[in-house]
Amino acid sequence: MKRTMRFLRADDLPEFRRMRRALWPDCEDHEADALLAASAARSVVVVHPRGNGGLGGFAEMGLRPWAEGCSTTPVAYLEGLWVDPDLRRSGVAGDLVQVAEAWARARGLTEMASDFLPANDASRAFHAAAGFDEVEEPVAARKALGPAPVGLPPADPGAGVSVPVRGGSARVRPVVPADWDAVWAVFHEVVALGDTYAYPPDTTRVDALTTWIDAAHATWVAEMDGRVVGTYFIKANQPGQGAHVCNAGYMVAAAARGRGLGQAMCAHSLDVARELGYTAMQYNLVVSTNEGAIRVWERMGFATVGRLPGAFRHPELGPVDALVMYRAL
């Protein structure tokens, strides 16, 4: 019997929330909703549709900048796998993982990792049958990713968009592992100056990518002439009761500044934030001496709602104020 596997859609969300709660009773619905919009950027959800319009299972795959027990960077991580009880031992779980693996291969990943509780013999047997080798915790299983099987659905559910900048246009699209060197180069160039972000100027590559990609709900890059010259992320500003307000960060390479790319990424991020279900966006630490950025954020509808005296240590000016800026979506 041929089974259908496909990527998560908006009309799947009620069923997807149900299955995630069955797997993780403490998970929140907004986390499931965020995965729909963020899937092309840093994760993917594969589902098994049933004839009654419901879903029979899902596999959730994410990118991690690193994982203990693995030899490559980054790693495709099987974050969650769930199949309804009446469909277990039918091959649905294996098919879900196959499609998720194909998505990982399309992004240039060569290794996959997963985990399970030591006492879960059924999960141990499934991982072994799926080609995983058991290793030390906290990564309990890993496998090399070989060529993709024939006949699987398209491996890339995301697409970029063109945004206007002075003198032309830029393409904004979800980040993929092949971009990570370029994202690191932009991040390092901006942060090493120490005058706009609070990240330590000597932030390492692993820490940078963990912060900018792995900890975000969505990360995007901006290309000009085929080169990544900008990037932004969106994440919840606070957990739990504050998770409806998002935070965002933007970086543009020095060679691409002066063309309005920061404003273009901001405009794009507002649309993405709405799709993710956020109701407002807040910038927590806008350095008061970064006057160009402040003008851009004001043009984009942000208001200064707070001033933090001496909250930022500028490398040349010493302690300077920082602004808290906010707008509804």
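Which strands form a hairpin with five residues between them? The answer is β2 and β3, and glycine 53 in the turn has a positive phi of about 90 degrees. The structure described here is a predicted model.

**The sheet**

The hairpin belongs to an open sheet of seven strands. Their order across the sheet is β1-β2-β3-β4-β5-β7-β6, and the pairing is mixed. At the edges stand β1, residues 6-7, and β6, residues 133-134. Each of these two has a single partner strand, so one side of each is left without a neighbour in the sheet. Helix α1, residues 13-23, packs on the sheet and touches β2 (43-49), β3 (55-64) and β4 (75-83). The direction of α1 makes about 75 degrees with that of β3.

Strand β3 has a neighbour on each side in the order given above. It runs antiparallel to β2, to which seven bridges join it. Within this pairing, valine 44 stands opposite methionine 61 in β3. Strands β3 and β4 also run antiparallel, and eight bridges join them. Here glutamate 60 stands opposite glycine 80 in β4. Nine of the ten residues of β3 are buried, so this strand is largely enclosed by the rest of the structure.

Further along the sheet, β5 (residues 111-114) and β7 (residues 141-144) pair in the antiparallel sense over four bridges. Methionine 112 has lysine 143 in β7 as its bridge partner.

**Helix α5 and what covers it**

Helix α5 runs over residues 180-193, which makes 14 residues. From its first C-alpha to its last it reaches 20 Å, close to the 20 Å expected at 1.5 Å a residue. Just after the helix, glycine 194 takes a positive phi of about 70 degrees.

Which residues of α5 are buried? They are Trp180, Val183, Trp184, Val186, Phe187, Val190 and Val191. These residues cover an arc of only 165 degrees around the axis, which puts them on the same side of α5. A general rule of helix geometry is useful at this point. An α-helix has 3.6 residues a turn, so residues three or four places apart point the same way. The cover over the buried residues of α5 includes strand β3 and helix α6 (205-214). It also includes β10 (218-224), β11 (227-236) and β12 (245-252).

Threonine 203 has its place in the loop between α5 and α6. Is this threonine buried or exposed? Its relative accessible area is 13%, and threonine 203 is buried because the cut-off for that term is under 20%. Leaving aside residues up to four places away in sequence, threonine 203 touches Trp184, Phe187, Val191 and Ala208. Of these, Trp184, Phe187 and Val191 are among the buried residues of α5. The side chain of threonine 203 also reaches the backbone oxygen of proline 200 at 2.6 Å.

**Exposed residues**

Several residues are exposed, which means that their relative accessible area is over 50%. Four examples are set out below.

| Residue | Place | Relative accessible area |
|---|---|---|
| Arginine 89 | loop between β4 and α3 | 87% |
| Aspartate 225 | loop between β10 and β11 | 79% |
| Alanine 129 | helix α4 | 73% |
| Glycine 108 | loop between α3 and β5 | 55% |

Two of the residues in the table call for a remark on backbone angles. Most residues other than glycine have a negative phi. Arginine 89, although not a glycine, has a positive phi of about 65 degrees. Aspartate 225 is not a glycine either, and its phi is positive at about 50 degrees.

For the other two residues, distances along the chain can be set beside distances in space. Alanine 129 and glycine 94 are 35 residues apart along the chain, and their C-alpha atoms are separated by 8.8 Å. Glycine 108 and alanine 76 are 32 residues apart in sequence and 10.0 Å apart in space, C-alpha to C-alpha.

Conventions:
Residues are numbered from 1 along each chain as its sequence is written. This is a predicted model: local features need pLDDT of at least 70, side-chain atom pairs count only at pLDDT 80 or more; totals for chains, interfaces and linings use all residues. Side-chain values use heavy atoms; hydrogens and water are left out. Two strands pair if DSSP finds at least two bridges between them. Contact means heavy atoms within 4.5 Å. Axes are lines fitted to C-alpha atoms, for helices over the stretch in contact, and angles run from 0 to 180 degrees between N-to-C directions. The expected span of a helix is 1.5 Å times one less than its number of residues. Buried means under 20% relative accessible area, exposed over 50%, partly exposed in between (1.4 Å probe, protein chains only). The arc is that of the directions from the helix axis to the C-beta atoms. A polar contact is a pair of N or O atoms within 3.5 Å; within protein, one must be able to donate a hydrogen and the other to accept it, and residues adjacent in sequence count only if both atoms are side-chain atoms.
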